[in-house]
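Here's a quick look at some backbone oddities and at how one helix sits in its surroundings. Have the viewer open while you read.

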Amino acid sequence: MRLPYVDPSNITSPADKAIVSRVEARRAPRPLQPLDLTLLHSPPIADGWNSFLGAIRTQTSLPDDVREIAICRVAVINEAWYEWSHHAPLAKAGGVSDAGLEVLGSKELKGEGEKGLLTEKQWAVVRYTDAMTRDVSVGEEVFGELKRLFSEQEVVEITATVACYNCVSRFLVALDVGERNGVKGPAVTGH
């Protein structure tokens with residue numbers, strides 16, 4: 001980590017303590033994470049982040065596998081291994097197979113030989129996430145596939161998830177939050 005983690009017990013202002021409480025409530029029953037302890041250098045940023053990430057993580061209509069596939073692909077492409085280590089187990093718990101996790105953990109997709117390892121919807125999310133993360137602009141073919149398989153609400157939620165976790169990964173990597181970001185390759189593959 002490039003900055004020291006914040007010790008929340010040193011936060012004394014009532015407004016900032018209320019922010020810590022909101023972040024703790026979202027994380028419960030787990031303790032504050034290294035990401036939280038970094039964001040708390042700026043309590044208003046931590047508060048906004050907590051609200052936005054809370055909505056992305058817990059208030060969309062997306063199935064767990066779809067959400068976590070998007071997050072995992074962003075983590076792999078941006079080499080945010082701290083992010084991968086937290087979300088690969090959630091992808092597995094959401095129904096992604098071990099073979100599917102291996103696909104998600106590959107920076108470059110191999111193609112036809114991997115086809116049956118993810119469902120049609122899961123592949124659409126992988127292709128869309130890859131396009132958004134690598135190129136920003138998404139081609140009509142990739143977008144059309146996503147739109148054909150998901151409702152308009154889901155398309156917005158997938159897009160917001162990919163955009164959000166691109167922000168998260170860039171923050172994590174730039175500040176080396178969790179001290180995992182210089183490590184090559186996924187730290188967790190579900191095996």
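What follows covers the unusual backbone spots, then a single helix.

Keep in mind that this is a predicted model.

**Backbone oddities**

As a rule, most residues other than glycine have a negative phi, and most peptide bonds are trans. A few places here break that habit. The peptide bond joining A28 and P29 is cis, with omega at about 10 degrees. P29 belongs to the loop between α1 (14-27) and α2 (34-39).

Two non-glycine residues go for a positive phi, and here they are side by side:

| Residue | Phi | Loop | Relative accessible area |
|---|---|---|---|
| E79 | about 55 degrees | between α4 (64-77) and α5 (81-93) | 33%, partly exposed |
| V136 | about 70 degrees | between α7 (120-135) and α8 (140-149) | 67%, exposed |

**A closer look at α1**

How does the span of α1 check out? With 14 residues at 1.5 Å a residue, α1 should span 20 Å, and its end C-alpha atoms are indeed 20 Å apart.

Which residues of α1 are buried? They are I19, V20, V23 and R27. Looking down the axis of α1, the buried residues fall within an arc of 100 degrees, so they line one face of the helix. The general background is simple: an α-helix has 3.6 residues a turn, so residues three or four places apart point the same way.

On the other side of α1 you'll find P14, A15 and A25 exposed. As for the buried residues of α1, what covers them includes α2 and α3 (43-58).

Key: Residues numbered from 1 in each chain as written. Predicted model: local features only at pLDDT ≥ 70, side-chain atom pairs only at ≥ 80, totals over all residues. Heavy atoms only, no water. Helix = DSSP H or I, 4+ residues; strand = E, 2+ residues; numbered from the N terminus. Buried < 20%, exposed > 50% of the residue type's maximum accessible area, 1.4 Å probe, protein only. Expected span 1.5 Å × (residues − 1). Arc of directions from axis to C-beta. Contact = heavy atoms within 4.5 Å.
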